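Visitor: I would like to learn how to read a structure like this one, feature by feature. Could you take me through it slowly?

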Amino acid sequence: MFRKHYPWLTAGLTVAVVAISSPALAQQLKVTQTIVEKAIDQPYAQAVAKIEAAIKGARFMIIGEPNYQQMQRMVGRERRGAKAYFIFRPDLGTPVFDNDFNAAMEIPLKILIYEADSRKTIVRYKLPSSALADYRGLGGLGKDLDTVLDNIVAAASK
Amino acid sequence: MTTAGSRVLVGTMVGLMVGAIGVTAQQQASDRGMVMSRYGYDETVTRVKQAIEGQQMMVLFTADHQQMLSMVQVQAPPMSTIEFFHPRYGKAIFEGNRDASPEIPLRILVMQGEKGAMVSWVKPSVTIGKYRGLESLGRELDSTLQQIAATVTR
C-alpha cells in the first residue's frame with residue numbers, strides 16, 4: 001500500500017538514509033512557516049549539478065529550469081548565477097488528485113538555487129506542507145514532501 | 001479492486017469533482033480567482049497564453065497534468081498549469097523581498113469540467129502580497145491576472 005501509493009517517498013527516504021550516513025553540509029539560514037533557505041558550501045555550478053542529481057535520484061522529473069540570471073539581464077540587472085528547478089513525479093499526482101484536484105495549482109514543486117559567492121550557494125524553496133496546507137487531505141503529503149526536499153538538499157550538500 | 005480499476009476510479013472522481021466545481025465556477029474564494037471559459041479547453045489554453053503575452057509577460061512552460069497522470073495510468077480530464085512571468089517583476093521581488101522568490105513564476109490552471117473549460121488562479125496578493133514590501137505588487141498582479149482571465153469570458 002505504502003510503496004504503491006508513495007513510491008516517490010520511498011525514493012526520498014532512500015536519499016535520507018544516504019544523507020544520514022554522511023555529514024550534511026547544508027547550513028540552514030532561514031525556516032519560516034513558508035520558506036526554507038539553506039547555504040551549501042560549494043561553488044554554484046557544482047551545487048547545481050549535485051541538486052540536479054539528487055532530484056533525479058529521488059525519481060522526480062525536472063519539467064522546467066528557468067535561468068533567472070539570464071532573465072534578470074533582460075531588465076538590465078546583473079546578478080550571479082540563479083535558476084530554478086520545477087520538479088514533479090507523476091505518481092505524486094495520484095494522492096494529490098485523489099484528495100483535492102485544486103492542489104494541481106501547487107504542482108510542480110519549485111527549488112531555487114542562487115550563487116552567493118564563489119564558494120557558497122543558496123537553496124530556497126517553499127515548504128510543500130505550507131503550499132498544500134489549504135487543500136483537503138493533503139497535510140500529511142505536504143509534511144512528507146518537506147522531508148523529501150530536505151533530503152534532496154542534504155544529499156546535494158555532501 | 002485492481003490497480004487499473006482504482007486508477008480509472010480516481011480519474012472518474014476527478015471528473016466528477018471538476019464537474020461539481022463547474023456549477024459554482026463564477027464564485028471566487030477570497031484567495032482564489034476562477035472563471036468559466038466561453039471556449040473549449042484547447043482554445044482556452046491558447047487564449048490564456050495569448051493574453052499573457054498581451055500583458056508583456058513570458059510563458060515559461062506549460063505543465064500538462066493529464067499527460068503526466070497518464071504516466072501512472074490515471075485517466076484525468078484535460079488540465080494544465082501555465083507558468084508565466086516577466087523579469088521586471090522578478091527584479092522588483094529580488095530587490096524588494098527575496099523571500100518571495102519561490103512564489104514566482106505566476107500560475108494559471110486551465111481545466112476541463114462537465115460545464116466546460118475553466119480558469120483558476122491563486123491571487124498574487126495572497127502569494128506575493130503577503131511578503132513585506134510587496135503588497136502593492138501583489139495587488140497590481142491581481143488586476144493583471146483578472147484581465148488575462150477575462151479574455152476567455154467574452
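Visitor: How many residues does each chain give to the contact between chain A and chain B?

Guide: Two residues are in contact if their C-beta atoms, placed from the backbone, lie within 7 Å; here the contact takes 27 residues from chain A and 27 residues from chain B. On the side of chain B that touches chain A, the elements that give two or more residues are α1, β2, α3 (65-70), β3, α4 (87-96) and β4 of chain B, where helices (H or I, at least four residues) and strands (E, at least two) are DSSP runs numbered from the N terminus. The residues of that side divide into 18 nonpolar, four polar and five charged, with Ala, Val, Leu, Ile, Met, Phe, Trp, Tyr, Cys and Pro counted as nonpolar, Asp, Glu, Lys and Arg as charged, and the others, Gly among them, as polar.

Visitor: What should I know about the model and its numbering before I go on?

Guide: This is a predicted model, in which local features need pLDDT of at least 70 and side-chain atom pairs count only at pLDDT 80 or more, while totals for chains, interfaces and linings use all residues. Residues are numbered from 1 along each chain as its sequence is written, and chains are lettered from A and ligands numbered from 1 in the order in which they are written.

Visitor: Which elements of chain B have the lowest and the highest mean pLDDT?

Guide: pLDDT is the predictor's confidence in each residue, from 0 to 100, and where pLDDT is low, the predicted coordinates should not be read in detail. Chain B averages 84, with helix α1 (residues 3-23) of chain B lowest at a mean of 49 and helix α2 (residues 41-54) of chain B highest at 97. The mean for chain A is 81, and pLDDT stays under 50 over residues 1-24 of chain A. For the model as a whole, the scores are ipTM 0.72 and pTM 0.77.

Visitor: In what order do the strands of the open sheet in chain B lie?

Guide: Strands of a sheet pair through backbone hydrogen bonds, either parallel or antiparallel; two strands are taken to pair if DSSP finds at least two bridges between them. In chain B, the open sheet of five strands has the order β1-β5-β4-β3-β2, with antiparallel pairing. Because β1 (32-36) and β2 of chain B each have a single partner strand, they stand at the edges, and one side of each is left without a neighbour in the sheet. Within this sheet, β4(B) and β5(B) run antiparallel and are joined by five bridges, and Val110(B) stands opposite Val119(B) in β5(B).

Visitor: Which residues of α2(B) are buried?

Guide: A residue is buried if 20 or more other C-beta atoms lie within 10 Å of its own, exposed if 12 or fewer, and partly exposed in between, with C-beta atoms placed from the backbone. In α2(B), the buried residues are Tyr41(B), Thr44(B), Val45(B), Arg47(B), Val48(B), Ala51(B) and Ile52(B), and what covers them includes β2 (58-64), β3 (79-85), β4 (106-113), β5 (116-122) and α6 (135-150) of chain B.

Visitor: How many residues does α2(B) have, and what distance does it reach?

Guide: The expected span of a helix is 1.5 Å times one less than its number of residues. With 14 residues, α2(B) reaches 20 Å from its first C-alpha to its last, close to the 20 Å expected. After α2(B) comes Gln56(B), whose phi is positive, near 60°.
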